[in-house]
Amino acid sequence: MKNNFYDSMAFFGRVLVAAIFIYGGISKISGYDKIAQLMNAHHISGHLLPLVIALELLGGLALILGALTRLVAAALAIYSVAAISIFLLPPPNQTMLILVLAELGMLGGLLSYVAAGAGRFSVDRIWFKKF
């Protein structure tokens, strides 16, 4: 049964997950050239960086608002799997392994929003009149 506690925790969880993506988008803007070089070094065109930044910033904002939550969480989950696979695997040391596991934990949070939606404290609730 969904209640205020459930919906409050869903909101705070969305804010925490979104903060990771928003911070990532901002840091990619401030280190644009280095990130583009890193992408090119992994055979990913640096020309895609503006799309990555837009996904992280707009996706993070949408998560906070609870707007199209299932769709946005699915897109961010797919992006996260791609980023983990391309940039973090195989982990060369214990520290990187911990980072990979943290990323997988965040992926679990995103998948929970794909499954359950945003909760009552969301734009989705207004748009779709349901949880």
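**A buried glutamate, a pocket and the helices around them**

At a relative accessibility of 4%, Glu56 counts as buried. The model in which this residue is described is a predicted one. Glu56 forms a salt bridge with Lys28, and the closest N and O atoms of the two are 3.2 Å apart. The pair links distant parts of the chain, since Glu56 belongs to helix 3 and Lys28 to helix 1, with their positions 28 residues apart in sequence. Lys28 is buried as well, its relative accessible area being 17%, because the cut-off for a buried residue is under 20%.

The overall architecture gives the setting for this pair. The secondary structure of the chain consists of six helices and zero strands, and the pattern read along the sequence is α-α-α-α-α-α. The C-alpha trace spans about 45 × 30 × 20 Å along its principal axes. Of the 131 residues in the chain, 34% are buried. Among contacts between residues at least 6 apart in sequence, 69% join residues that are at least 24 apart.

Both members of the Glu56 and Lys28 pair also appear at the largest pocket. Which residues lie nearest the centre of this pocket? They are Lys28, Glu56, Tyr79, Ala83 and Phe87, out of a lining of 26 residues. The space in the pocket comes to about 700 Å³. The lining divides into 20 nonpolar, three polar and three charged residues. Helix 1 (4-30), helix 2 (32-41), helix 3 (49-65), helix 4 (69-88) and helix 5 (94-116) each supply at least two residues of the lining. The helix that gives the most is helix 4, with eight residues.

Helix 4 was therefore examined along its length, as the helix that gives the most to the lining. Helix 4 has 20 residues, and the distance from its first C-alpha to its last is 26 Å, close to the 28 Å expected at 1.5 Å a residue. Its buried residues are Thr69, Val72, Ala73, Leu76, Ala77, Tyr79, Ser80, Ile84 and Leu88. An α-helix has 3.6 residues a turn, so residues three or four places apart point the same way. The buried residues of helix 4 pack against helix 1, helix 3, helix 5 and helix 6. Tyr79 is both one of these buried residues and one of the residues nearest the centre of the largest pocket.

A further view of helix 3 is given by Ile53, which has its place in that helix. Ile53 is buried, with a relative accessible area of 9%. Leaving aside neighbours within four places in sequence, Ile53 is in contact with Gly25, Lys28, Ile29 and Tyr32. Lys28 thus takes part in a contact with Ile53 and in the salt bridge with Glu56. By contrast, the C-alpha atoms of Ile53 and Asn93 are separated by 28 Å, although the two residues are 40 apart along the chain.

How many salt bridges does the count come to? The count is two. Besides the pair already described, Arg120 forms a salt bridge with Asp7, with the closest N and O atoms 2.5 Å apart. Arg120 lies in the loop between helix 5 and helix 6 (123-128) and Asp7 in helix 1, so this pair ties together parts that are 113 residues apart in sequence. The two partners differ in exposure: Arg120 is partly exposed, with a relative accessible area of 27%, whereas Asp7 is buried, at 0%.

Some features of the backbone are found in the loops. A cis peptide bond joins Leu89 and Pro90, with omega at about -10°. Pro90 is in the loop between helix 4 and helix 5. In the loop between helix 2 and helix 3 lies His43, a residue other than glycine whose phi is positive, near 65°. His43 is exposed, with a relative accessible area of 76%. Leu68 also has a positive phi, of about 50°, although it is not a glycine. Leu68 is found in the loop between helix 3 and helix 4. Is Leu68 buried or partly exposed? At 39% relative accessibility, Leu68 counts as partly exposed.

Technical notes. Residues are numbered from 1 along each chain as its sequence is written. This is a predicted model: local features need pLDDT of at least 70, side-chain atom pairs count only at pLDDT 80 or more; totals for chains, interfaces and linings use all residues. Side-chain values use heavy atoms; hydrogens and water are left out. On a 1 Å grid over the protein atoms alone, a cavity is a set of points where a 1.4 Å probe fits but cannot get out, and a pocket is an open set with protein on both sides within 12 Å along at least five of seven lines; lining residues have an atom within 4 Å of a point. Grid points are joined across faces, edges and corners, and a volume is the space filled by probe spheres set on the points. Helices (H or I, at least four residues) and strands (E, at least two) are DSSP runs, numbered from the N terminus. Ala, Val, Leu, Ile, Met, Phe, Trp, Tyr, Cys and Pro count as nonpolar, Asp, Glu, Lys and Arg as charged, and the others, Gly among them, as polar. A salt bridge is a side-chain nitrogen of Lys or Arg within 4 Å of a carboxyl oxygen of Asp or Glu. Buried means under 20% relative accessible area, exposed over 50%, partly exposed in between (1.4 Å probe, protein chains only). Contact means heavy atoms within 4.5 Å. The expected span of a helix is 1.5 Å times one less than its number of residues.
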